[in-house]
Amino acid sequence: MKKTYDRLIVGERLRLKRTALGLTQDEMAEKIDRVPKYYADIERGSCGMSIETLLALSSALNMSLDYIIFGPTSEEEQHKHEDELFAIIEMLDQASDRKRSYAMKLLKLFLIACDS
């Protein structure tokens with residue numbers, strides 16, 4: 001199967017990871033030292049990006065270049081759950097005790113509801 005670069009899909013991958021980490025577009029733009037409009041355009045797929053921007057995104061989001069450009073490989077699928085757990089831990093770590101307690105209660109209720 002031929003690998004192709006699709007800016008819309010790349011933007012969606014970046015958006016999903018950014019939101020999983022609990023970051024806004026403005027915060028992400030600041031992390032990679034770019035203006036917010038440019039980062040928003042990347043997520044929308046309306047523009048490409050330089051190698052420097054791609055490297056900055058890879059580092060800031062802890063994503064491989066291959067994954068950003070081409071999507072998951074079998075090896076990356078194995079690490080997907082680890083990345084999701086890491087993102088959840090990061091969000092909870094930054095939350096107050098009250099918010100963390102509330103998040104745990106919501107998660108338990110959600111999992112119970114899914115089993116019903």
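How many residues apart in helix H3 are Lys 37 and Asp 41? They are four residues apart, and therefore separated by about one helical turn. Let us keep that pair in mind while we walk through the rest of the structure, which is a predicted model.

Start with the overall layout. The protein has seven helices and zero strands, and along the sequence the pattern reads α-α-α-α-α-α-α. Of its 116 residues, 24% count as buried. Residues that lie 24 or more positions apart supply 56% of the contacts with a separation of 6 or more. The protein exposes about 8,300 Å², and carbon and sulfur atoms account for 58% of that area.

Now go back to helix H3, which covers residues 36-44. Its buried residues are Tyr 39, Ala 40, Asp 41, Ile 42 and Glu 43. Who covers them? The cover includes H1, helix H2 (25-31) and helix H4 (51-61). Just after H3 comes Gly 45, with a positive phi near 80°.

Asp 41 deserves a closer look. With 13% relative accessibility, it counts as buried because the cut-off for that class is under 20%. Lys 37, at 56%, is exposed, because that class begins over 50%. The two side chains meet in a salt bridge, with N and O 2.9 Å apart. Asp 41 also forms a salt bridge with Arg 44, here with an N to O distance of 2.4 Å. Arg 44 and Asp 41 both belong to helix H3 and sit three residues apart, about one turn of the helix. At 47% relative accessibility, Arg 44 is partly exposed. Why do such spacings suit partners in a helix? An α-helix has 3.6 residues a turn, so residues three or four places apart point the same way.

A similar spacing turns up in helix H7, which spans residues 97-115. Asp 97 and Arg 100 both lie in this helix, three residues apart, again about one turn. Salt bridges that share partners join Lys 37, Asp 41 and Arg 44, back in H3, into one network. In H7, Asp 97 forms a salt bridge with Arg 100, and the closest N and O atoms are 2.5 Å apart. Asp 97 is exposed, with a relative accessible area of 59%, whereas Arg 100 is partly exposed at 27%. Leaving aside neighbours within four places in sequence, Arg 100 is in contact with Leu 92, Asp 93 and Ala 95. The total for the model comes to five salt bridges.

Which arginine, by contrast, is buried yet has no salt bridge? That is Arg 13, found in helix H1 (residues 7-20). The nearest side chain of opposite charge belongs to Asp 6, and it is 7.9 Å away. A salt bridge needs the nitrogen and oxygen within 4 Å, so this pair does not qualify. Beyond residues up to four places away in sequence, Arg 13 touches Met 63, Tyr 67, Ile 68, Ile 69, Phe 70, Gly 71 and Pro 72.

From H1 we can step across to helix H6, which runs over residues 74-94. The link to follow is Ala 87, a residue of H6. Ala 87 has a relative accessible area of 3% and is therefore buried. Apart from neighbours within four places in sequence, Ala 87 is in contact with Ala 20 and Leu 21. Ala 87 and Ala 20 are 67 residues apart along the chain, yet their C-alpha atoms are separated by 5.9 Å.

What about the next residue along? Ile 88 is also found in helix H6, but Ile 88 is partly exposed, with a relative accessible area of 40%. Together with Leu 85, Ile 89 and Met 91, Ile 88 makes a nonpolar surface patch of about 370 Å².

That brings the tour to its end, so here is a short look back. The buried Asp 41 belongs to one network with Lys 37 and Arg 44. Arg 13 is buried without a salt bridge, and Ala 87 is buried and touches Ala 20 and Leu 21.

Definitions and conventions. Residues numbered from 1 in each chain as written. Predicted model: local features only at pLDDT ≥ 70, side-chain atom pairs only at ≥ 80, totals over all residues. Heavy atoms only, no water. Helix = DSSP H or I, 4+ residues; strand = E, 2+ residues; numbered from the N terminus. Buried < 20%, exposed > 50% of the residue type's maximum accessible area, 1.4 Å probe, protein only. Lys, Arg positive; Asp, Glu negative; His and termini not counted. Contact = heavy atoms within 4.5 Å. Areas by Shrake-Rupley, 256 points an atom, 1.4 Å probe, with all protein chains shown as cover. Patch = residues over 30% accessible without salt bridge, like charges linked within 9 Å, V, L, I, M, F, W, Y side chains within 5 Å.
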